[in-house]
Amino acid sequence: MRVPLSWLTEFTPVEEPPERLAHALSFLGLVVEGTEVVPAPFGGIVVARVLATRPHPGADRVQLVDVDAGEGESRQVVCGAFNMKAGDLVPLADVGTVMPNGMEIGRRKVRGEWSNGMLCSAPELGIGPEGGEPAILVLPPGSATPGQSAAEALGFGADIVFDLEISPNRGDCFSVMGVARDLAAGLGLSFSVPQPPHEVAEDLPAAAVAIDPAAEDRCPRFTGTVVENVKGALVSPLVRRRLVLAGMRPINAVVDASNYVMLELGQPNHPYDISRLGGGGLVVRPAQDGERLVTLDGTERQLGPDDIVISDAEGKAVGLAGIMGGADAEISPETTTVLLEVANFAPLTIAETGKRLGLLSEARTRFERGVDPELAPCAIDRFVDLLGSGVRRGATTDLHPGRAAPVEVPLRARRANLVLGTSLSTQDCVALLSRLGFEAGQRADDRWVFRVPSWRPDCSREVDLIEEVARIYGYDKVRRLLPAHPARPSRLAGWQLARRQVREVLAGTGASEAWSSTFLSSRELELAALSPSSAVVVENPLDSSQALLRTSLLPGLLRALRSNRERQAGALSLFELGNVFAVPGGPGGDLVGSGGPEATFPASLGSGDGHGAESRRSASLGGFLYRVVEGVVEWEQLGLVASGAGVDATYAARAWEVIAGALRVDDAGVVPVAADLGPGALIGLPALHAGRRAVLAVGGRPVGIVGELAPEVAARNGLAGRVAVLLVDLVLLLSATPKPLVAREVSRYPAVDLDLALSVADVVPAGEVAATVREAAGELAEEVVLFEVWRDKSLGEGRRSLNFRARLRASDRTLTEADVGEVRERVAAVTAERHGAELRGARPTS
């Protein structure tokens, strides 16, 4: 945004040099991207007094004008305009002057008469609209003297233009007034808004405007004002020059006044030719499906119910609300009376319509960032004032259905100092915020409640006020301090250490850590046999093709596994720790691939209405959190996938055993999938092979799932061979109470590895058999590992061989064959009794 320094001085008495002002603006957050020095214009152009006008003897479309340029003698100029008379003050370009368009003025003959210079119109000076009837710029009587510089007479001195980058949250600073307010606060200067006169012609009717009830939530304020006698109205040359310096092209008096108000106050507005409005009124309403409107840029646009339009009283759309007016009610040179619309629109509505139509305008830029709803009356008065004393206005019709209550935010000086590292008093904070228009209200201890001004909708929290304190106090005054070291060295929290331990353990098994995106498409969920209907939909996704939050780490890990396999990677194991999301009680069944939070949430989450303090809740288990925001549950999950030679469901089961052992999880096991769970009861379970899947449990409570990817799911994801899968709810796993760490004497006697091949029915879980083997082996068993699952017709229909290796060691002696044989017989007897197992053979291996 381009802001001339001379315009800023209308609001605050700035006297600092440009370099100091640029520094101050940047430190206030209004970053100066460039500074342009604009010299005083109109070199060689002076004020001349018209002495007489007379016809040209050889031409009827020009006349001869005698002027005095302060030299005390008459000078003849040939002129094609006829709007001046004797005594008028006009700008004269002397011979040799180079005009703004590059043309050099010379002494020349026109139809036999000498012209000694050129009388100038506003467009020729670069401060007026191009085209139209030629008219010499006539200065107000007594405003200048002959021979005076035209730039000086018009108030056009040298100027500085700051090119500012305004952050999207500062809608108030998309105006000269807003920038001046911040600059005055930062420099400790006074700030005032000029108050134009407010005179209403009683004989003029009030404007006929209305808001359709269906549009009230998108148009919190709508005003209409009838302004007549605008034909022939003129805005001052200074207005036009400032428009040019700000990057706008002057068009005509009415449009120039409208644009000037928008740039100065930040309030977009639109004047309609009332003679071209059916019924002479305006209505704000939703657009009809398929309704078409030709906007001022000449483009026909197709609209829908999500857009809002300004229509005339007969229902014809004449403007796209908050973005651009329509061509049908455009201001023309013949316009005599206008209906001025000054309104306030919902930012999201304007942003969505503008984005969909690909239509960018100055009005849209301001409305989608938020416009002060209290600006309308001031903007109307300023518009009328700019058009001069000849225009008349009627009473304003002001519809304000969406008036919001003032926002009040508490601030503690102690908290501000803690955040900023300053030592400001409460009164210091009050004084700094008052410069920006924040009103201090009630005080309780060190807490002040501030009323947020209507032009600052971005300030709604205490930290927002702290930021404002820092801006006005000065970021350069905040000392850079290293944080003080606590008396005791800081350490990682228990849950951080546990998470780190899980990573280290899995890396120790040879697995590589992966990262996958939190955002997925419905197709990616379906590939992993997950229902998209249970996923949370992102309202404004970065990529519309990935608008769902993941309910499981499985889709991302399968995508990463496929990507590595496509690049000729061999045997591969990938794991990830990341957040997943779901809605309690949604169509996804239980919240996690473990079913854990379902038992924790009801008592801890409360009912809540999705707003205020109740919109953010959490359920804590030993420092590990289920976070709930606006009804969406977020928690952390562990996922592992592996493929390659020798990889099957037992690979993932062994990984679970390693993790549970490293974390000293008590009563960790693998249990069969209950018949009453059904598809979808555990997220991710349908993706696993029906005969090679199980539930992971801690103390009888499900915490995850383990198994092999179903062949059809693997094929859909472009994966050949078996794929082992492990999904664990980290909140439940890491919050489990670990077994006490007991130091055991290291035996100096050798160990004996005993291989046990137990034939059991396919329906018997391997985890239960392993637990029985450990129990039966007794204190001599240091470790029991399932190292192979073998199937063969010789075992019988529906049976398999589970091959375990038990490491036996005594603390006081070397084990004998009799000791090992006793363990073997005990294992055979107990497993046969509990699981119907048949010991196929057993022998010590070392």
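Helices here are DSSP runs of type H or I with at least four residues, numbered from the N terminus. The model on screen is predicted.

**Stop 1: T426**

Select residues 426–434, which form helix α11, and pick out T426 within that helix. T426 has a relative accessible area of 14%, and since buried means under 20%, T426 is buried. Now show what surrounds T426. Beyond the neighbours within four places in sequence, T426 is in contact with A413, R443, D446 and W448.

**Stop 2: a three-stranded sheet**

Go next to strands β1, β10 and β2. In that order they make an open sheet, and the pairing is antiparallel. Colour β1 (2–4) and β2 (31–38) to mark the edge strands, each of which pairs on one side only. Direction ignored, neighbouring strands in this sheet are turned against each other by 25 degrees on average.

Keep β2 selected and add β10, residues 159–165. Seven bridges join these two strands in the antiparallel sense. To find one place where the strands face each other, select V38 and look across to D159 in β10.

**Stop 3: two packed helices**

Select residues 18–27 for helix α2 and residues 176–187 for helix α4. How far apart are the axes of α2 and α4? They lie 10 Å apart, and the helices pack at an angle of about 100 degrees. Angles of 65 to 115 degrees count as roughly perpendicular, so α2 is roughly perpendicular to α4.

Show side chains to see the contact. From α2 come R20, L21, A24 and L25, and from α4 come V179, L183 and L187. Six of the contact residues are nonpolar, none is polar and one is charged.

**Stop 4: A806**

Move to residues 799–808, strand β40, and select A806. Is A806 buried or exposed? Its relative accessibility is 1%, so A806 counts as buried. Add V785 to the selection: V785 is 21 residues from A806 in sequence, yet the two C-alpha atoms are 6.5 Å apart in space. Setting aside neighbours within four places in sequence, the contacts of A806 are V752, D753, L754, E783 and V784.

**Stop 5: helix α21**

Finish with residues 817–835, helix α21. At 1.5 Å a residue, its 19 residues should span 27 Å, and the C-alpha atoms at its ends are 26 Å apart, which agrees. Which residues of α21 are buried? They are D819, V820, G821, V823, V827, A828, V830, T831 and H835. Step past the end of α21 to G836, whose phi is positive, near 70 degrees.

Methods:
Residues are numbered from 1 along each chain as its sequence is written. This is a predicted model: local features need pLDDT of at least 70, side-chain atom pairs count only at pLDDT 80 or more; totals for chains, interfaces and linings use all residues. Side-chain values use heavy atoms; hydrogens and water are left out. The expected span of a helix is 1.5 Å times one less than its number of residues. Buried means under 20% relative accessible area, exposed over 50%, partly exposed in between (1.4 Å probe, protein chains only). Two strands pair if DSSP finds at least two bridges between them. Axes are lines fitted to C-alpha atoms, for helices over the stretch in contact, and angles run from 0 to 180 degrees between N-to-C directions. Angles under 35 degrees count as roughly parallel, over 145 as roughly antiparallel, 65 to 115 as roughly perpendicular and the rest as oblique. Contact means heavy atoms within 4.5 Å. Ala, Val, Leu, Ile, Met, Phe, Trp, Tyr, Cys and Pro count as nonpolar, Asp, Glu, Lys and Arg as charged, and the others, Gly among them, as polar.
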